Amino acid sequence: MKLKQRVVLLAILLVIFIFTKVFLIDNLDTSAANREDQRAFHRMMASLHIELDPRLDHTLQSPWEIAAQWVVPREVYPEETPELGAVMHAMTTKKIIKADVGYKGTQLKALLILEGGQKVVFKPKRYARDYVVEGEPYAGYDRHNAEVAAFHLDRILGFRRAPLVVGRFVNLRTEIKPVATEQLLSTFMTVGNNTCFYGKCYYCRETEPACADGDIMEGSVTLWLPDVWPLQKHRHPWGRTYREGKLARWEYDESYCDAVKKTSPYDSGPRLLDIIDTAIFDYLIGNADRHHYESFQDDEGASMLILLDNAKSFGNPALDERSILAPLYQCCIIRVSTWNRLSYLKNGVLKSALKTAMSHDPISPVLSDPHLDALDQRLLSILATVKQCTDQFGPDVVLVEDRMTLSHL
């Protein structure tokens, strides 16, 4: 064989060797990542059941100190939380030492301070479990049980971006009124034999109070994030106009995602993928009301999109508002880890997991069966949407790696 032919042959073999090596390394990396996703899924499934137990045997810290130390830029709580039951037990049992109106927002809530100085947001029950909210997907009062269910779904999806929520029964006469501020107290009234209050908010009306069953009111309590992590509010790029006949740009511009990708903080970092994760989360719970969102301040787009205020969810199990998924089907990208988790949850696993996760909550059953069934059906729609994207653009374009190592030191 001539020298020139040998050189060409060696060059070809070298190229084949390099491509084979790269292919094998990529496959090994992908396989390793997938195996870690599967292990994380099994760990989550094994820890679904939360006993609300007050014991903190291995630490002298208060439950509030533990929960505050959990918070990092990309998580509200870590994957492994043996103290979670104790923190949630404290949220549902600790003495209320102060009660005030919840100033911000459009919906009725109260700000409570629990023994030890921990703030929580209390949202009262307004509907029976089987009540169906008709009309627009964002219609109706806040649903307290939706906050509880959304928190557990956040755990199941592996996002860990929602503040802790648990159900609680409070005695308005003995627990709230004696420690209420004058502002809150002035909104109390009696309707029949029931104690009621209407609070202070944009839509709060004396004619539309929330009423207890006698003095006992069912509600949810959401753990306030530590003050050392101030929040920054952002307009959601796929927010609605809430005006009849006026469409937002994303509702008519098929290339809208391309424009979003050119603007900060969506042009780099994890924020756009967070938006898509959130769209999936919101579609599953039926939340079409995320017109704004919060992140931690001065984060330059690096911190998570925090899943706050999920109470406009689980209103109508028969309504699948596909427009909630617009960030997914317009951008056609999704985290590999999110895709893997969704794939593990099909065939009824999601419904079963959420039912198990909520089973020990004080206000259980948290959701009616039609809402649980709707979750599994909506999951199928999400999987079908991703398949349409991969059929059109290929999995290498659609499935995006974005794994960030988190520190809780």
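Which cysteine does a disulfide join to cysteine 201? Let's work up to that answer and then move through the rest of the model.

The model is predicted: local features need pLDDT of at least 70, side-chain atom pairs count only at pLDDT 80 or more, and totals for chains, interfaces and linings use all residues. Residues are numbered from 1 along each chain as its sequence is written, and side-chain values use heavy atoms, with hydrogens and water left out.

**Exercise 1. Find the partner of cysteine 201 and describe the link.**

Step 1. A disulfide here is a pair of cysteine sulfur atoms within 2.5 Å. Cysteine 201 is joined to cysteine 204, with an S to S distance of 2.0 Å.

Step 2. Look at the torsion about the S-S bond: it is about 105 degrees, so the link of cysteine 201 and cysteine 204 is right-handed.

Step 3. Check the surroundings. Both cysteine 201 and cysteine 204 are buried, where buried means under 20% relative accessible area, exposed over 50%, and partly exposed in between (1.4 Å probe, protein chains only).

**Exercise 2. Place the other disulfides on the chain.**

Step 1. Start with the total: a search of the whole structure finds 4 disulfides. With bonded cysteines counted along the chain, their pattern is 1-4, 2-3, 5-6, 7-8.

Step 2. Take cysteine 196 and cysteine 211, which are joined with an S to S distance of 2.1 Å. This pair links distant parts of the chain, with cysteine 196 in strand S6 and cysteine 211 in strand S7, 15 residues apart. Helices (H or I, at least four residues) and strands (E, at least two) are DSSP runs, numbered from the N terminus.

Step 3. Compare the two ends. Cysteine 196 is buried at a relative accessible area of 0%, whereas cysteine 211 is partly exposed at 33%.

Step 4. Move on to cysteine 257 and cysteine 331, another disulfide, with 1.9 Å from S to S. Cysteine 257 belongs to helix H7 (residues 256-260) and cysteine 331 to helix H9 (residues 326-331), so the link spans distant parts of the chain, 74 residues apart. Cysteine 257 is buried at 2% relative accessibility, and cysteine 331 is buried at 7%.

**Exercise 3. Work out the sheet that holds S6.**

Step 1. Read the strand order: this open sheet of 3 strands runs S5-S6-S7, with antiparallel pairing. Strand S5 (188-191) and strand S7 (210-211) are the edge strands, each pairing on one side only.

Step 2. Recall what pairing involves. Strands of a sheet pair through backbone hydrogen bonds, either parallel or antiparallel. Two strands count as paired if DSSP finds at least two bridges between them.

Step 3. Apply this to S5 and strand S6 (residues 194-197): they pair in the antiparallel sense over 4 bridges. Phenylalanine 188 has phenylalanine 197 in S6 as its bridge partner.

**Exercise 4. Trace the salt bridges of aspartate 274.**

Step 1. Set the rule: a salt bridge is a side-chain nitrogen of Lys or Arg within 4 Å of a carboxyl oxygen of Asp or Glu. By this rule the count comes to 22 salt bridges.

Step 2. Aspartate 274 forms a salt bridge with arginine 74, and the closest N and O atoms are 2.8 Å apart. The pair links distant parts of the chain: aspartate 274 sits in helix H8 (residues 271-285), and arginine 74 in the loop between helix H2 (63-70) and helix H3 (84-93), 200 residues apart.

Step 3. Aspartate 274 also meets arginine 335 in a salt bridge (2.9 Å, N to O). Arginine 335 lies in strand S11 (residues 334-335), so this pair ties H8 to a part 61 residues apart in sequence.

Step 4. Add the burial. Aspartate 274 is buried at 0% relative accessible area, and arginine 335 is buried at 3%.

Step 5. Join the pieces: salt bridges that share partners connect Arg74, Arg161, Asp274, Asp277 and Arg335 into one network.

**Exercise 5. Describe the surroundings of histidine 144.**

Step 1. Histidine 144 lies in helix H4 (residues 144-157) and is buried at 1% relative accessible area.

Step 2. Leaving aside neighbours within four places in sequence, the contacts (heavy atoms within 4.5 Å) of histidine 144 include Lys123, Arg129, Glu218 and Ile363.

Step 3. Lysine 123 has a salt bridge with aspartate 142 (3.4 Å, N to O).
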